[in-house]
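This report describes the pockets, the cavity and a few helices and serine residues of one protein model.

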Amino acid sequence: MSKKILIIGACGQIGSELTFKLRELYGDENVVASDISYSNLEIVNSGIFEIVDAQDYASVQTCVQKYNIDTVYLMAAMLSATGEKYPMKAWDLNMTSLFHVLNLARAKFIKKVFWPSSIAVFGSTTPTDYTPQYTIMEPSTVYGITKQVGERWCEYYHNKYDVDVRSLRYPGIISWKTLPGGGTTDYAVEIYHKAITDKFYDCFLKEDTKLPMMFMDDAIKATIDIMNAKKNDVKIKSSYNLAAISFTPKEVAESIKKHIPEFKITYNPDYRQTIANSWPKSINDSYARQDWKWKHKFALEDITTEMLKQLYKKYK
Ligand code: AKB
C-alpha cells in the first residue's frame with residue numbers, strides 16, 4: 001500500500017531530519033513537508049513544501065486533501081524553556097495542533113498519526129533513576145503538562161474512536177543538521193558548536209545534571225520503527241518510554257576534550273536548571289524494546305566523534 005505522508009513542523013530539529021529520511025524511504029513525491037514559515041531553506045527547496053498553520057484546522061485539512069495524505073507526523077511544538085516564557089502560547093500550540101490531527105483521523109481523512117511526547121511528562125515526584133513506563137507523573141512545566149495531557153488524549157482517541165496514533169517520549173536529541181530551539185536539553189547540541197567555533201562553552205546547567213539523551217539517527221529510527229510496527233505490537237496507546245544514554249554536561253565536556261584538548265567549559269545555571277532538576281536521570285524503556293524491538297546504536301563517544309566530524313565540515 002502506498003503511503004502519502006505529511007510532516008507538520010518540518011523545518012524544526014527533528015522534523016527536518018525526519019523529512020529527509022522519509023523521502024529516502026518512500027520517495028520525494030510521497031512526502032510533503034510543511035511548516036508555518038519558510039524558516040529552513042534546505043527543507044523548503046528539497047521537495048514538496050507547503051505553508052501549513054498547525055493551529056488552523058482548515059489549513060491542515062486542505063493540505064491533507066490536496067495530497068491525499070494518509071499519515072501525519074505532527075512535529076510542531078513549543079518546547080520546555082520557551083514554554084515557560086509563553087505559557088498560554090505553548091498550551092494553545094501544543095494542544096490545538098494535536099486535536100486538529102486527532103480529529104482529522106477520527107473523521108477518517110487520515111489513517112495514522114505520529115505525535116511526539118517527551119521525558120518532560122515526568123516531574124520532581126517521579127523516581128529519577130531508570131524511570132519506569134508507569135509511575136507518578138506530576139510535570140511542572142507547561143510543555144510537560146501539554147505532553148502529559150496529550151498522551152491521555154491519544155489513548156482516549158484510540159479507545160473511543162479507533163484512531164491509530166503512535167507516540168514516543170523523546171529524551172534530549174543531539175544532531176548537527178538543524179539546531180534545536182527552546183529546549184532544556186539544547187545545551188548538549190550548543191556545546192559541540194561552541195567547542196568548534198570558540199573552544200569554550202558557558203553551560204546553562206550545572207556540571208552534574210544528568211539527563212536522558214539520544215543521537216538523532218537513533219531518534220529517527222525509533223520514530224520510523226514504531227510507525228512501521230504491526231498495530232497489535234504497539235500495545236501502549238499513550239506514549240512509550242524511549243532511551244539510549246544519559247550523561248552530564250561534565251561528561252560531554254570530557255568527551256569533547258579527548259578530541260579538542262584546549263576546550264574549556266564554565267557553568268552558569270539559569271531558570272532551565274529548575275526544569276532539568278524535575279526530569280529523570282535515566283529511563284527504563286523495556287516496553288519499547290520488548291513490543292517493537294527498539295534498540296539504540298549510539299553511545300556518547302560515537303555521538304561526540306560524529307558531531308565534531310560533521311560540524312567541522314559545516315563550519316569549513
Ligand atoms: C526539551 O528540552 O524541552 C526537549 C525535550 C526533552 O522534550 N528537548
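The expected span of a helix is 1.5 Å times one less than its number of residues. The model is predicted, and two of its helices can be checked against that rule.

**Helices α8 and α1**

Helix α8 covers residues 216-228, and because these are 13 residues at 1.5 Å a residue, a span of 18 Å is expected; the C-alpha atoms at its ends are 18 Å apart, in agreement. Among the buried residues of α8 are Met216, Asp218, Ala219, Ile220 and Ala222. Further along α8, Thr223, Ile224, Ile226 and Met227 are buried as well.

Helix α1 has 14 residues and should therefore span 20 Å; its end C-alpha atoms lie 21 Å apart, which agrees. Its buried residues include Gln13, Ile14, Gly15, Ser16 and Glu17, and Leu18, Thr19, Leu22 and Arg23 are buried too. Just after α1, Gly27 has a positive phi of about 95°.

**Pockets and cavity**

The volumes and the lining classes are set out below.

| Space | Volume | Lining by class |
|---|---|---|
| Largest pocket | about 830 Å³ | 21 nonpolar, 15 polar, four charged |
| Second largest pocket | about 220 Å³ | four nonpolar, no polar, seven charged |
| Largest cavity | about 40 Å³ | six nonpolar, two polar, one charged |

The largest pocket has a volume of about 830 Å³. Its lining comprises 40 residues, of which Gln13, Met75, Ala77, Leu79 and Gly181 are the closest to the pocket centre. Two or more lining residues come from each of α1 (13-26), α4 (80-85), β5, α6 (142-161) and β7 (172-174).

The second largest pocket is lined by Glu17, Phe20, Lys21, Glu24, Trp176, Lys177, Met216, Asp217, Ile220, Lys221 and Glu306. Here the elements that supply two or more residues are α1 and α8. From α8, Met216 and Ile220 are buried, and both belong to the lining of this pocket. From α1, Glu17 is buried and is also one of the lining residues.

A search of the whole structure gives one cavity of 30 Å³ or more. Leu74, Met75, Ala76, Ala77, Asn94, Ser97, Trp115, Pro116 and Lys147 form its lining. Helix α5 (87-106) and strand β5 (112-118) each give two or more residues to that lining. Met75 and Ala77, which line the cavity, are also among the residues closest to the centre of the largest pocket.

**Two buried serines**

Is Ser97 buried or exposed? Its relative accessibility is 2%, so Ser97 counts as buried. Ser97 is part of helix α5 and lines the largest cavity. Its side chain reaches the backbone oxygen of Asn94 at 3.4 Å, and Asn94 is another residue of the cavity lining. Neighbours within four places in sequence aside, Ser97 has contacts with Ala54, Leu74, Ala76 and Asp92. Of these, Leu74 and Ala76 belong to the lining of the cavity.

Ser59 sits in helix α3 (residues 57-66). Buried means under 20% relative accessible area; Ser59, at 17%, therefore counts as buried. What does the side chain of Ser59 reach? The partner is the backbone nitrogen of Asp53, at 2.9 Å. Asp53 is also one of the contacts of Ser59 outside its neighbours within four places in sequence, together with Ile51 and Val52.

Note on methods:
Residues numbered from 1 in each chain as written. Predicted model: local features only at pLDDT ≥ 70, side-chain atom pairs only at ≥ 80, totals over all residues. Heavy atoms only, no water. 1 Å grid on protein atoms, 1.4 Å probe; cavity = no way out; pocket = protein on both sides within 12 Å on 5 of 7 lines; lining within 4 Å. Points joined across faces, edges and corners; volume = space filled by probe spheres on them. Helix = DSSP H or I, 4+ residues; strand = E, 2+ residues; numbered from the N terminus. Nonpolar A, V, L, I, M, F, W, Y, C, P; charged D, E, K, R; others polar. Buried < 20%, exposed > 50% of the residue type's maximum accessible area, 1.4 Å probe, protein only. Polar contact = N/O pair within 3.5 Å; in protein donor to acceptor, adjacent residues only side chain to side chain. Contact = heavy atoms within 4.5 Å.
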